[in-house]
Amino acid sequence: MRDKAAFEEHWVPDLERWFPEGVDTPGIVLIKVSASSIRYWDGKENGEIVLPGSAS
């Protein structure tokens with residue numbers, strides 16, 4: 001998505017580290033992801049989180 005209003009709605013100050021021009025950064029896009037579960041590894045442990053409303 002390239003909707004500037006959506007960028008502003010989801011913007012947090014920590015993003016300035018990678019996007020110093022903020023929501024006006026050329027080429028910036030938002031990617032919408034739909035998932036039924038999340039698998040993670042934090043360097044020591046791993047696991048899976050099944051999201052509410054999913055059949056997994």
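This is a short tour of a predicted model, stop by stop, with what to select at each one.

**Whole chain**

Start with everything shown as a cartoon. The protein chain holds one helix and two strands, and from the N terminus on the order is α-β-β. Turn the view along the principal axes: the C-alpha atoms fill a box of roughly 40 × 30 × 15 Å. The radius of gyration is 16 Å, whereas a compact globule of 56 residues would come in near 10 Å.

Switch to a surface. About 5,100 Å² of the protein chain is exposed, and 53% of that is supplied by carbon and sulfur atoms. Of the 56 residues, 11% count as buried. Among contacts in the protein chain with a separation of 6 or more, 14% are between residues 24 or more positions apart.

**The hairpin**

Select residues 37-41, which are strand β1, and residues 46-50, which are strand β2. How do the two strands run relative to each other, parallel or antiparallel? They run antiparallel, and five bridges join them. Together β1 and β2 form a hairpin, with four residues between the strands. In that turn, select Gly43 and check its backbone: phi is positive, at about 100 degrees.

**Ile49 and its neighbours**

Next, select Ile49, which lies in strand β2. Across from Ile49 stands Ile38. Show the side chains around Ile49: leaving out residues up to four places away in sequence, Ile49 touches Ser36, Ser37, Ile38 and Tyr40. Is Ile49 buried or exposed? Neither label applies, because its relative accessible area is 43%, which makes Ile49 partly exposed. Draw a distance from the C-alpha of Ile49 to the C-alpha of Arg39: the two are 6.4 Å apart in space and ten residues apart in sequence.

**Two salt bridges**

Keep Arg39 selected and add Glu48. These two residues form a salt bridge, with 3.9 Å between the closest N and O atoms. The cut-off for a salt bridge is 4 Å, so a pair at this distance is counted. Arg39 is exposed, at 69% relative accessible area, while Glu48 is partly exposed, at 43%.

How many salt bridges does a search of the whole structure find? It finds two. For the other one, select Asp24 and Lys4, whose closest N and O atoms are 2.6 Å apart. Lys4 belongs to helix α1 and Asp24 to the loop between α1 (4-10) and β1, so this pair ties together parts that are 20 residues apart in sequence. Asp24 counts as partly exposed, at 48% relative accessibility. Lys4 is also partly exposed, at 39%.

**The loop between α1 and β1**

Stay with this loop and select Val29, Ile31 and Val33. The three residues make a nonpolar surface patch of about 320 Å². Val29 lies in the loop between α1 and β1. With 36% relative accessibility, Val29 counts as partly exposed.

Val12 is found in the loop between α1 and β1 as well, and counts as partly exposed at 41% relative accessibility. Draw a line from the C-alpha of Val12 to that of Ser34. The distance is 21 Å, for two residues that are 22 apart along the chain.

**After β2**

For the last stop, select Gly53, in the segment after β2. Is Gly53 buried or exposed? Gly53 counts as exposed, with 88% relative accessibility. Add Thr25 and draw one more line between C-alpha atoms: Gly53 and Thr25 are separated by 35 Å, with their positions 28 residues apart along the chain.

Note on methods:
Residues are numbered from 1 along each chain as its sequence is written. This is a predicted model: local features need pLDDT of at least 70, side-chain atom pairs count only at pLDDT 80 or more; totals for chains, interfaces and linings use all residues. Side-chain values use heavy atoms; hydrogens and water are left out. Two strands pair if DSSP finds at least two bridges between them. A salt bridge is a side-chain nitrogen of Lys or Arg within 4 Å of a carboxyl oxygen of Asp or Glu. Buried means under 20% relative accessible area, exposed over 50%, partly exposed in between (1.4 Å probe, protein chains only). Patches are made of residues with over 30% relative accessible area and no salt bridge: like charges are joined within 9 Å, nonpolar side chains (Val, Leu, Ile, Met, Phe, Trp, Tyr) within 5 Å. Accessible areas come from the Shrake-Rupley method with a 1.4 Å probe; for residues, only the protein chains shown count as cover. The radius of gyration is taken over C-alpha atoms; the globule rule is 2.2 Å times the number of residues to the power 0.38. Contact means heavy atoms within 4.5 Å.
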